[in-house]
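The following exercises concern a structure and its sequence. Each task is followed by a solution in steps.

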Amino acid sequence: MEFNATLLGQAITFAILVWFTMKFVWPPLTNMMDERAKRIADGLAAAERGKQDLEAAEKRVADELRTAKQQATEIMLAAEKRASQIVEEAKEAARTEGAKLLADAKGQIDQEVLRAKEALREQVAELAVVGAEKILRREIDAAKHADLLASIKAEL
Amino acid sequence: MASNATEYIKHHLTFWNSDPSAGFWSFHVDTFSVSLLLGFVFAGIFALVARRARLENPGRLQLFVEMVVDMVDTQVKEIFHGKSKVIAPLALTIFCWIFLMNAMDLLPVDLLPWIAQNVGAALGHDPHHVYLRVVPSADVNATFAMSLSVMICIIGFSISAKGLGGWGKELLTTPFHAHGTVMKVILAPINFAFQMIELLAKPISLSLRLFGNMYSGELIFILIALLPWGFQWILGAPWAIFHILVITLQAFVFMMLTIVYLSLAVESH
């Protein structure tokens, strides 16, 4: 063991090395490593967030889908209902129309019958009057018995 | 063989002294230049990686450097609870530099000295007087240079954490506490002596532990080199493999103890 000035030289080298490490080695490396650790943590957090977002979106999609299906069913039901209603209404209208036509026709027929009866009656009355006139020509004055004739005509 | 072997060992354990007659003001050129070169290797690689460090897609070298830095950072954060910009780079430098210096032990024990002797002979020197010891940490100058620097750091940390007065007071009042003024005065020199022993024991134990391990390792490699060449691997290979553990462990121990001592320095008792 011999001590000499190497000790001082070594100490100076050591001091310079420590200073160099402190200045140029340690800070950039640790900063970079810290930043990387931070970035990894951020990335993991973002992934987690993305996963949650995806789950929420999937849930929303399922909800929307269910609502849409429900709405479609409702619309279909309403449409069917409306269709049957329209058919029903059309049937009803047709029925009413038919009844009305029938009623009109019946009315017309009745009228025709009535008119025919009337005409017949008038003809009968006229024939009767004519007959009566012919029978009573000599005995009855047409002017004198006009009211009588009219009343007979009205009764027939 | 015996005198030959003694010569061989002696030659291997002699430093390349700049001027053996100059006493203290001479240099171990081998220790100084090898450790300086290794310091450049460490600082160069680490600074290069730090400069080119990529956040994404780091290369293998960067990952290796990051692993070392992370290891040191973890240890420092676990042990040292104060705030200091010095301690982590200090610990990293200690670990890497000592590891590289120790690793010189794994080079064949005759390789660099043999090259040096041939170069020396070519330059016209007597090859028997060309000395080269390649393991700087087997030189007490190197180990004490570091441990005394650490001691200066301990004092500096103590003063910056507690103030000059606080540290002085601690030197005089711990480990033995007293209540009366008289007892305090009596215990003050005893406390001071204890504190000085504690303070000095730290660098001495640090440097002698490292020195002893490396010196003995080197010596055993030299002894193995004295065996017939066909048998050297039987002892040399296991010792070298075991030594991989030793050099790493010694670098780690030096670093850990430095962190521990510095954290003790800033914590009040």
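**Exercise 1. Locate B:M214 and describe its surroundings.**

Step 1. B:M214 is placed in helix α7 of chain B; helices here are DSSP runs of H or I with at least four residues, strands are runs of E with at least two, and both are numbered from the N terminus.

Step 2. B:M214 has 0% relative accessibility and therefore counts as buried. Buried means under 20% relative accessible area, exposed means over 50%, and partly exposed lies in between, with a 1.4 Å probe and protein chains only.

Step 3. Beyond residues up to four places away in sequence, B:M214 touches B:N102, B:D105, B:S137, B:A138, B:H243, B:V246, B:I247 and B:Q250; a contact requires heavy atoms within 4.5 Å.

Step 4. B:L112 lies 102 residues from B:M214 in sequence, and their C-alpha atoms are 17 Å apart.

The conventions are as follows: the model is predicted, local features need pLDDT of at least 70, side-chain atom pairs count only at pLDDT 80 or more, and totals for chains, interfaces and linings use all residues. Residues are numbered from 1 along each chain as its sequence is written, chains are lettered from A and ligands numbered from 1 in the order in which they are written, and side-chain values use heavy atoms, with hydrogens and water left out.

**Exercise 2. Characterise chain B as a whole: which elements does it contain, and what are its extent and surface?**

Step 1. Chain B contains eight helices and zero strands.

Step 2. The C-alpha trace of chain B spans about 70 × 55 × 35 Å along its principal axes.

Step 3. Of the 269 residues in chain B, 42% are buried. Among contacts with a separation of 6 or more, 72% join residues 24 or more positions apart.

Step 4. The exposed area of chain B is about 14,200 Å², of which carbon and sulfur atoms supply 72%; areas come from the Shrake-Rupley method with a 1.4 Å probe, and for residues only the protein chains shown count as cover.

Step 5. Chain B carries 14 positive and 16 negative side chains, with the centres of the two sets 12 Å apart. Lys and Arg count as positive and Asp and Glu as negative, without His and the chain ends; each charge is placed at NZ of Lys, CZ of Arg, CG of Asp or CD of Glu.

**Exercise 3. Describe the largest nonpolar core and state which elements supply it.**

Step 1. This core has 62 residues, and B:F46 and B:L92 have the most contacts inside it. A nonpolar core is a set of buried Ala, Val, Leu, Ile, Met, Phe, Trp, Tyr and Cys residues joined through side-chain atoms within 4.5 Å.

Step 2. At least two core residues come from each of α1 (6-136) of chain A and α2 (29-52), α3 (60-79), α4 (87-103), α6 (140-173), α7 (181-225) and α8 (232-266) of chain B.

Step 3. The largest share, eleven residues, is supplied by α4(B).

Step 4. Apart from neighbours within four places in sequence, B:F46 contacts A:V25, B:V65, B:V68, B:V69, B:L92 and B:C96.

**Exercise 4. Compare the end-to-end distances of α2(B) and α3(B) with their expected spans, and state what covers each helix.**

Step 1. The expected span is 1.5 Å times one less than the number of residues.

Step 2. α2(B), with 24 residues, reaches 34 Å from its first C-alpha to its last, close to the expected 34 Å.

Step 3. For the 20 residues of α3(B), 28 Å is expected; the end C-alpha atoms are 29 Å apart, which agrees.

Step 4. Cover for the buried residues of α2(B) includes α1 of chain A and α3, α4 and α6 of chain B. For α3(B), the cover includes α1 of chain A and α2, α4 and α8 of chain B.

Step 5. Within α2(B), B:S35 is buried because its relative accessibility is 0%. Leaving aside neighbours within four places in sequence, B:S35 contacts A:Q10, B:W97, B:M101 and B:P136.

**Exercise 5. Examine the backbone at B:P175 and B:N57.**

Step 1. B:P175, in the loop between α6 and α7 of chain B, is joined to B:T174 by a cis peptide bond with omega about 0 degrees.

Step 2. B:N57 is not a glycine, yet has a positive phi of about 55 degrees. B:N57 belongs to the loop between α2 and α3 of chain B and counts as exposed, at 63% relative accessibility.
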